[in-house]
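Let's take a friendly walk through a protein model together. Have a look at the chain from end to end, and then we will stop at a few places along the way.

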Amino acid sequence: MTISSPLCACVCVNMEGELFDQVVAVFNQLVSWVAAGAMVFGGVVPYIPQYRDIRRTQNAEGFSTYVCLVLLVANILRILFRFGRYFETLLLWQSIIMIATMLIMLNLCTNVRMATELNTKRRSFIATDSKDEEIRIPKRLFLDFDWSYFWSWSHFMDYVQCVLAFTLVAAYITYLLLDSALFVETLGFLAVFAEAMLGTPQLHCNYQNKSTEGMSQAWEWWNPKNYYVESIKMVLMWTSGDTFKTGYFLFTQAPVQFWTCGLLQVFVDFAILFQVYYYSRYPQKPVSHTVSHTTSAKAL
């Protein structure tokens with residue numbers, strides 16, 4: 001008994017359809033993994049060349065540790081926000097990895113800064129023909145609670161103590177007010193809003209200077225993200241990254257705070273992108289300003 005040709009054709013079509021569905025499913029899974037990896041690790045990738053550059057040159061002047069402070073606070077608050085308002089686990093891992101990255105950057109910058117201060121002291125002693133055999137650097141400790149040295153301590157463990165103290169206090173307050181919807185939503189907003197505003201001081205600085213040349217001239221104590229951008233390619237790189245992140249928030253239906261602040265961050269990125277284009281195309285005479293501190297870090 002032979003199978004009729006129409007039946008054979010139908011079986012072949014079904015097999016081809018199943019194979020196509022399997023290929024599409026595998027492709028979708030692959031895209032999902034790539035997107036997840038980009039979300040979790042994409043935010044820390046720009047810090048890798050920054051870390052290597054600081055370690056190679058033993059010069060941390062081009063990197064502002066206040067970036068670490070803002071991102072640590074933002075991601076700790078984001079983790080606490082998850083106890084009151086559930087969001088995707090990938091975003092939780094993103095915060096954990098970012099916290100670890102900022103601690104690593106703080107450890108490196110602290111060690112390099114202390115080594116630089118020690119070398120400066122040694123050169124000073126040699127220049128003055130000092131007979132002192134021991135060179136001491138005044139210690140600045142977190143437990144001294146001296147606000148004039150806040151976030152400029154002598155040892156990495158002081159930063160760890162500060163982060164732990166903030167985490168415990170914030171966790172305790174969150175525990176007490178976890179039933180308050182207003183508090184939970186405000187907590188989530190503050191978590192993502194702080195990160196979204198990292199670029200605004202640079203935007204303001206560019207406007208004041210009427211130029212983006214160097215773009216590392218930001219407020220002396222702030223210098224967010226170390227935007228040292230001499231090429232429009234770098235601006236496009238972190239603009240596309242923030243756009244991807246915001247699109248991911250929208251696609252996965254993340255809490256409203258995430259995608260609204262993401263859109264705000266993209267808006268700031270495009271504003272700086274416009275400044276780079278406008279001031280390079282139509283150079284203007286720089287206006288006088290009080291900021292004299294410059295850095296030479298590579299862009300993040």
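Our first stop is glutamine 58, which counts as partly exposed because its relative accessibility is 41%, a value that lies between the 20% and 50% cut-offs. You will find glutamine 58 in the loop between helix 2 and helix 3. Its phi is near 55 degrees, a positive value in a residue other than glycine. Why point that out? Most residues other than glycine have a negative phi. Keep in mind, as we go on, that this is a predicted model.

Now step back and look at the whole chain. The protein has 9 helices and 0 strands, so its pattern along the sequence reads α-α-α-α-α-α-α-α-α. Of its 300 residues, 39% count as buried. Among the contacts with a separation of 6 or more, 70% are made by residues 24 or more positions apart. One pair lets you picture how parts of the chain separated in sequence can be placed in space: isoleucine 96 and isoleucine 76 are 20 residues apart in sequence, with 8.3 Å between their C-alpha atoms. Isoleucine 96 belongs to helix 4, and it is partly exposed, with a relative accessible area of 35%.

Next, try a little arithmetic on helix 3. At 1.5 Å a residue, its 20 residues should span 28 Å, and the end C-alpha atoms are 30 Å apart, which agrees. Helix 3 is also largely enclosed by the rest of the structure, because 15 of its 20 residues are buried. The length check works for helix 5 (residues 156–176) as well: its 21 residues should span 30 Å, and its end C-alpha atoms are 31 Å apart, which agrees. The buried residues of helix 5 are Asp158, Tyr159, Val160, Cys162, Val163, Ala170 and Thr174.

Just before helix 5 comes another loop worth a visit. Which residue in the loop between helix 4 and helix 5 has its place here? It is tryptophan 151. Tryptophan 151 has a positive phi of about 60 degrees although it is not a glycine. Tryptophan 151 is buried, because its relative accessible area is 1% and the cut-off for buried is under 20%. Leaving out residues up to four places away in sequence, tryptophan 151 touches Thr65, Tyr66, Cys68, Leu69, Leu72, Leu106, Tyr159, Cys162 and Val163.

Tryptophan 151 also leads us into the largest nonpolar core. In soluble globular proteins, nonpolar side chains tend to be buried together. Of the 48 residues in this core, Tyr47, Ile54, Leu91, Met102, Trp151 and Phe258 touch the most other members. Helix 1, helix 2, helix 3, helix 4, helix 5, helix 6, helix 8 and helix 9 each give two or more residues to the core, and the largest share, 11 residues, comes from helix 4.

Our last stop is an enclosed space. The count comes to 1 cavity of 30 Å³ or more, and the largest cavity holds about 50 Å³ of space. Its lining includes Arg78, Glu195, Lys245 and Phe258; Phe258 is also one of the core residues that touch the most other members. Helix 6, helix 8 and helix 9 each give two or more residues to the lining, with the largest share, 4 residues, from helix 9. By class, the lining has 5 nonpolar, 2 polar and 3 charged residues.

Key: Residues numbered from 1 in each chain as written. Predicted model: local features only at pLDDT ≥ 70, side-chain atom pairs only at ≥ 80, totals over all residues. Heavy atoms only, no water. 1 Å grid on protein atoms, 1.4 Å probe; cavity = no way out; pocket = protein on both sides within 12 Å on 5 of 7 lines; lining within 4 Å. Points joined across faces, edges and corners; volume = space filled by probe spheres on them. Nonpolar A, V, L, I, M, F, W, Y, C, P; charged D, E, K, R; others polar. Expected span 1.5 Å × (residues − 1). Buried < 20%, exposed > 50% of the residue type's maximum accessible area, 1.4 Å probe, protein only. Core = buried A, V, L, I, M, F, W, Y, C linked by side-chain atoms within 4.5 Å. Contact = heavy atoms within 4.5 Å.
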